[in-house]
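Trainee: I've got the model open and a few questions ready. Can we go through it together?

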Amino acid sequence: MIVSRRTNVLLILVVIALVVIPLVFVKGQFSGSDDQGSAAIAASEPGFKPWFHPLWKPPSGEVESLLFAVQAAIGAGIIGYVIGRIHGAARERDARAKGSATHVDH
Amino acid sequence: MHIMEGFLPPAHCIAWGAASAPFVVHGAIKLRRVMREQPQMRLTLAASGAFCFVLSALKMPSVTGSCSHPTGTGLGAVLFGPQVMAVLGAIVLLFQALLLAHGGLTTLGANIFSMAIVGPWVAYGVWRLCRSLNLSIAVALFMGAALGDLATYVTTSVELALAYPDAASGFTGAFLKFVGVFFLTQVPLAIAEGLLTVVVMNALASRTNLLQELGLIRSKTA
């Protein structure tokens, strides 16, 4: 453990607060900063047109959010699997160590 | 930090691509070596890549009334070294460019340079510095991940300012303009990224000898 269980819970609560507080207390469009960067270029360069376009674009905002959710789900699934495997292996190792210790006693 | 498809002039695309390519190749060699020499680390390696996958998909609201996303590259940079993250970050960026029309193929080199090279190297450097100052693993990890996140967005601002210097104030004026777009929005997200990195490292490292095996800490009791 690199932080205590209590600190761990606290860290997660702070992350949630960091997301929720702006949503509740800040009035804003909540558009993406990546798109604002693109908009800043377009604003400073009159007549700016991107010289290349994405080969494929999600046909709607719904499909785009689906794909972002899929991306996050794949990542979260893998992390959950790995943590489960690691902890399962550790438990097994502990159990075996205990088992062999009692075996030696006999 | 994604520069959108077609938003950098062709010469800049080629230059950033050329700058990023050696890091990605070197990272791929290092990645293969880790997989061959430490096969027990494959799961942790997968988790590091997956963390990057999750965090760069999360567009979170910020105090400025805009949304942005963390990068998730600090965890893997600390665990396996920054070189490996050039590959894992490139995979994430390629996924987003092809399937989400977020970022782009022409701007892939520039986006790899900011998110998968500068971010991880800064995260790793800050982690090492904090550890040499005897700060705890949790604090060093938090600082590394948070500052690596911010460094990525500063790099994006540099890339955009080089391509589109201000007519009156040149590179500096344009840099300040783009930093203005990204930086303040990113601060709370960088903090969130730092905290989440500690939480995930805690889950990966508790009950295991992960940190000892990777040589990140020496004694078992530390």
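Trainee: How many residues of chain A are in contact with chain B?
Mentor: Remember this is a predicted model. Contact here is a matter of C-beta atoms lying within 7 Å. On the chain B side, 59 residues take part, and on the chain A side the number is 52.

Trainee: Which helix of chain A gives the largest share of the side that touches chain B?
Mentor: Helix 1 (5–25), helix 2 (33–44) and helix 3 (61–105) of chain A each supply at least two residues to that side. The largest share is 16 residues, and it comes from helix 3 of chain A.

Trainee: And by class, how many residues on that side of chain A are nonpolar?
Mentor: Take the other classes to begin with: six residues are charged and 14 are polar. The nonpolar ones number 32.

Trainee: What is the radius of gyration of chain A, set against a compact globule of 106 residues?
Mentor: Have a look at the C-alpha trace, which spans about 85 × 40 × 25 Å along its principal axes. Chain A is divided into domain 1 (1–53) and domain 2 (56–106), with 27 Å between the two domain centres. A compact globule of 106 residues would come out near 13 Å, but chain A has 25 Å.

Trainee: What pattern does chain A follow along the sequence?
Mentor: Count the elements: chain A has three helices and zero strands. Read along the sequence, that gives α-α-α.

Trainee: Which element of chain A has the lowest mean pLDDT?
Mentor: Chain A as a whole averages 91, and 95% of its residues score at least 70. Among its elements, helix 1 of chain A has the highest mean, 95. The lowest, 89, belongs to helix 3 of chain A.

Trainee: Over in chain B, how many residues of helix 6 are buried?
Mentor: Helix 6 of chain B runs over residues 137–163 and reaches 39 Å from its first C-alpha to its last, close to the 39 Å expected. To be buried, a residue needs 20 or more other C-beta atoms within 10 Å. The helix is mostly covered: of its 27 residues, the buried ones number 23.

Trainee: Is B:Asn134 buried or exposed?
Mentor: B:Asn134 sits in the loop between helix 5 (108–132) and helix 6 of chain B, and has a positive phi of about 65 degrees although it isn't a glycine. The cut-off for exposed is 12 or fewer neighbours. Because B:Asn134 has just 7 other C-beta atoms within 10 Å, it is exposed.

Technical notes: Residues are numbered from 1 along each chain as its sequence is written. Chains are lettered from A and ligands numbered from 1 in the order in which they are written. This is a predicted model: local features need pLDDT of at least 70, side-chain atom pairs count only at pLDDT 80 or more; totals for chains, interfaces and linings use all residues. Domain bounds come from an automatic or database domain assignment. Two residues are in contact if their C-beta atoms, placed from the backbone, lie within 7 Å. Helices (H or I, at least four residues) and strands (E, at least two) are DSSP runs, numbered from the N terminus. Ala, Val, Leu, Ile, Met, Phe, Trp, Tyr, Cys and Pro count as nonpolar, Asp, Glu, Lys and Arg as charged, and the others, Gly among them, as polar. The expected span of a helix is 1.5 Å times one less than its number of residues. The radius of gyration is taken over C-alpha atoms; the globule rule is 2.2 Å times the number of residues to the power 0.38. pLDDT is the predictor's confidence in each residue, from 0 to 100.
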